[in-house]
Amino acid sequence: MKKFQFSMQKVLEYTEHMEDNEKAVLQGMRKCHEALCEQMANLRRRMENYQREYAARCADGIVVHELMALRGYIDELEKEAVNLLARIERSEAEIERQIDKIVGLSKEKESMDKLKDKHWETYQSEQRKQEEVLLEEFVANAEFASKQQVH
């Protein structure tokens, strides 16, 4: 009896390998996204601190050029926040695309697994039929041999 071999085993293994690689890429993307979110949290804290300082110094009275410098710095922080927010949004979109890619690979792998299972069931069915034929031949030969011994 021949050993079971799935004709598309290499394709299945390749798909599994690709899925694992894409999951690793996704993990890296998520780490980068988390770092961007942490940068945004730090930037917001800095902005809040400078805005409090700005309000306090305005209340205490401040020289105009210091006021303009402080306001300019706050404006730069706000621009940086807008740019960082855009990067975060791009990162989220890339993560979504990566998830879609992984889902596609998972579906492909799942369909390959189902195909392999069907091939396995067919193989087992054929093996049972072959065993039945061998058993019937054995029984027929045994009956023939016992009749020969009687005569």
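This briefing covers the aromatic pairs, a charge–ring contact and the nonpolar cores of the structure above. The model is a predicted one, and a search of the whole structure finds 4 aromatic pairs in it. The largest nonpolar core comprises 8 residues, with helix 1 and helix 2 each supplying at least two of them.

**Aromatic pairs**

- The ring centres of Y50 and Y73 lie 4.7 Å apart with the planes at 65 degrees, and the pair is therefore edge-to-face, since planes over 60 degrees apart are classed that way.
- Because Y50 belongs to helix 1 (residues 9-60) and Y73 to helix 2 (residues 64-150), this pair ties together parts that are 23 residues apart in sequence.
- Y50 counts as partly exposed, at 27% relative accessibility, and Y73 is likewise partly exposed, with a relative accessible area of 34%.
- Elsewhere, F4, W120 and Y123 are linked into a cluster by ring pairs.

**Charge over a ring**

- R71 places its charged end over the ring of Y54, at 5.3 Å from the centre of that ring.

**Nonpolar cores**

- The largest nonpolar core is made up of L36, M40, L43, M47, L77, A81, L84 and I88, and both helix 1 and helix 2 contribute at least two residues to this core.
- When neighbours within four places in sequence are left aside, L84 is in contact with L36, Q39, M40 and L43.
- Another core, of 5 residues, lies apart from the largest one and includes F4, F6, L12 and Y123; of these, F4 and Y123 also take part in the ring cluster with W120.

Notes:
Residues are numbered from 1 along each chain as its sequence is written. This is a predicted model: local features need pLDDT of at least 70, side-chain atom pairs count only at pLDDT 80 or more; totals for chains, interfaces and linings use all residues. Side-chain values use heavy atoms; hydrogens and water are left out. Rings of Phe, Tyr and Trp (its six-membered ring) pair if their centres lie within 6.5 Å; planes under 30 degrees apart count as stacked, over 60 as edge-to-face and the rest as tilted. Helices (H or I, at least four residues) and strands (E, at least two) are DSSP runs, numbered from the N terminus. Buried means under 20% relative accessible area, exposed over 50%, partly exposed in between (1.4 Å probe, protein chains only). A charge sits over a ring if NZ of Lys or CZ of Arg is within 6 Å of the ring centre and within 35 degrees of the ring normal. A nonpolar core is a set of buried Ala, Val, Leu, Ile, Met, Phe, Trp, Tyr and Cys residues joined through side-chain atoms within 4.5 Å. Contact means heavy atoms within 4.5 Å.
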